[in-house]
Amino acid sequence: MNAFTSHKQFSRLLYTSALDIDQSGEQPEQTARKIAEGSAAQNRLSEVTGSLLFLDGAFIQILEGPPEQVEKTFERICCDFRHVDVRLIDLVNVSERLFEGWDMACLCADEETSLSFRDGLQEIRFLVGINARQATLQMRSLLDNQAVADEA
């Protein structure tokens with residue numbers, strides 16, 4: 001986990017992409033989790049935080065941090081052959097992080113995912129196309145709910 005202060009300007013970027021199944025060579029959910037784990041390690045070094053959602057072969061990711069670091073991270077993603085059809089949805093300047101403490105949270109659905117959690121992921125996927133801000137808030141809310149469920 002990161003402990004960054006919120007006394008400066010940050011960028012928050014939201015993008016979507018699809019997993020290139022031919023490039024992964026393993027179960028899609030395994031690839032998504034590996035991407036999140038690798039991202040967390042790199043993000044820790046560059047002061048980037050965020051969340052990766054993976055559902056039915058599609059990624060929705062939020063990156064936040066110093067503008068130059070968010071830009072470098074997004075460029076690296078665009079060059080990653082596991083991602084296809086990369087689409088920048090939203091890029092805004094913000095004064096504080098929504099995902100502070102998550103180097104890269106992972107919200108992934110698989111066969112064992114509860115129906116309510118899957119519905120939450122579907123709702124975020126729907127919202128991305130019509131209201132990026134609300135999709136971002138829903139992603140944060142789902143993470144909070146997942147943390148509470150994990151503690152119980």
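**Contacts, burial and a pocket in a predicted model**

Colleague: Which residues does M139 touch, leaving aside those up to four places away in sequence?

Modeller: In this predicted model, M139 touches S51, L53, I60, I62, F99, L107 and I124. A residue is counted here when its heavy atoms come within 4.5 Å. M139 itself is placed in helix α5, residues 132-151.

Colleague: What makes M139 count as buried or exposed?

Modeller: The cut-off for buried is under 20% relative accessible area. M139 has 0% relative accessibility, and therefore counts as buried.

Colleague: How far is M139 from G120, in sequence and in space?

Modeller: The two are 19 residues apart in sequence, and their C-alpha atoms are 8.4 Å apart in space.

Colleague: How is burial distributed over the chain, and what share of the residues is buried?

Modeller: Of the 152 residues in the chain, 46% are buried. As for contacts with a separation of 6 or more, 79% are between residues 24 or more positions apart.

Colleague: How many helices and strands does the chain have, and in what order do the elements run?

Modeller: There are five helices and five strands. Read from the N terminus, the order is β-α-α-β-β-α-β-β-α-α.

Colleague: How do you know what span to expect of α3, and what does α3 reach?

Modeller: The expected span is 1.5 Å times one less than the number of residues. Helix α3 (residues 67-78) has 12 residues, for which 16 Å is expected, and reaches 17 Å from its first C-alpha to its last, which is close to that value. For α2, with 19 residues, the expected span is 27 Å and the helix reaches 27 Å.

Colleague: Which residues of α3 are buried, and why are they said to lie on the same side?

Modeller: V70, T73, F74 and I77 are buried in α3. They cover an arc of only 100 degrees around the axis, which is why they are on the same side of α3. The buried residues of α3 pack against β1 (10-19), α2 (28-46), β3 (58-65) and β4 (83-94). In α2, the buried residues include A32, I35, A36, S39 and N43.

Colleague: What makes the phi values of D56 and D85 worth listing?

Modeller: D56 has a phi near 50 degrees, a positive value in a residue other than glycine. D56 lies in the loop between β2 (49-55) and β3. D85 likewise is not a glycine, and its phi is positive at about 55 degrees; D85 is placed in strand β4. E47, just after α2, also takes a positive phi, of about 60 degrees.

Colleague: Why is D85 called neither buried nor exposed?

Modeller: Buried requires under 20% and exposed over 50%. The relative accessibility of D85 is 48%, so D85 counts as partly exposed.

Colleague: What lines the largest pocket, and how much space lies in it?

Modeller: The largest pocket holds about 200 Å³ of space. Its lining has 16 residues, and S39, Q42, R76, D80 and R82 are the ones nearest the centre. At least two lining residues come from each of α2, β3 and α3, and α2 gives the most, with six.

Colleague: What is the make-up of the lining by class?

Modeller: The lining of the largest pocket has five nonpolar, seven polar and four charged residues.

Terms used: Residues are numbered from 1 along each chain as its sequence is written. This is a predicted model: local features need pLDDT of at least 70, side-chain atom pairs count only at pLDDT 80 or more; totals for chains, interfaces and linings use all residues. Side-chain values use heavy atoms; hydrogens and water are left out. Helices (H or I, at least four residues) and strands (E, at least two) are DSSP runs, numbered from the N terminus. Buried means under 20% relative accessible area, exposed over 50%, partly exposed in between (1.4 Å probe, protein chains only). The arc is that of the directions from the helix axis to the C-beta atoms. On a 1 Å grid over the protein atoms alone, a cavity is a set of points where a 1.4 Å probe fits but cannot get out, and a pocket is an open set with protein on both sides within 12 Å along at least five of seven lines; lining residues have an atom within 4 Å of a point. Grid points are joined across faces, edges and corners, and a volume is the space filled by probe spheres set on the points. Ala, Val, Leu, Ile, Met, Phe, Trp, Tyr, Cys and Pro count as nonpolar, Asp, Glu, Lys and Arg as charged, and the others, Gly among them, as polar.
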